[in-house]
Every structure is written in structure tokens, then in C-alpha cells.
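This short report is meant for a reader meeting the structure for the first time. Please look over the sequence and the model before reading on.

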Amino acid sequence: MPDNLKDILSHLATDIDQDTLLLYLQDKLSDEKKHEVEKKLLNNEFASDAMEGLQQFKDKQKIAYMV
């Protein structure tokens, strides 16, 4: 896999850290924190598309390994 695909979360939104994005994808954030992440993603089309693709993973624990 090309190296640039391994760092997909690092290029999403600079105002959301990668750990928070991983927790969001693993559904481990409070509803309030999820809402904050979603509001920030609304302003970034690439980030929204990337998150949508990552949400398709059935095993959410593998997301951290992939990124």
C-alpha cells in the first residue's frame, strides 16, 4: 500500500486530532463530542468523504491499524 494512503487521517482536519478521529470512528465519543467532530467535518469535503469511507470498515479496531 502506498505510504500516502497510510496517513489518511493526518490530512483530514487540522483542528481535529487523529486520536479523536479514531475514537469517533470506533464510536467511543460522547454524543456532544461526536457532534463537535461532525460540525468540523461539514466544512471539509475531503475529510467528510474520507471519514465516510473509513466508517465502512466492519471491524472498527482495524481502522487504527490501517491508518
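## Contacts, helices and core

In the protein chain, 58% of the contacts (heavy atoms within 4.5 Å) with a separation of 6 or more are made by residues 24 or more positions apart. This is a predicted model, in which local features need pLDDT of at least 70 and side-chain atom pairs count only at pLDDT 80 or more, while totals for chains, interfaces and linings use all residues. Residues are numbered from 1 along each chain as its sequence is written, and side-chain values use heavy atoms, with hydrogens and water left out.

The protein chain has five helices and zero strands, where helices are DSSP runs of H or I with at least four residues and strands are runs of E with at least two. The average pLDDT, the predictor's confidence in each residue from 0 to 100, is 76 for the protein chain, and 69% of the residues score at least 70. The table gives the two extremes among the elements.

| Element | Residues | Mean pLDDT |
|---|---|---|
| Helix H1 (lowest) | 3–6 | 54 |
| Helix H3 (highest) | 31–42 | 90 |

Of the 67 residues, 30% count as buried, that is, under 20% relative accessible area with a 1.4 Å probe, protein chains only. In helix H4 (residues 45–54), the buried residues are Ala47, Ala50, Met51 and Leu54. Seen down the axis of H4, these buried residues fall within an arc of 100°, so they line one face of the helix; the arc is that of the directions from the helix axis to the C-beta atoms.

Key
Buried means under 20% relative accessible area, exposed over 50%, partly exposed in between (1.4 Å probe, protein chains only).
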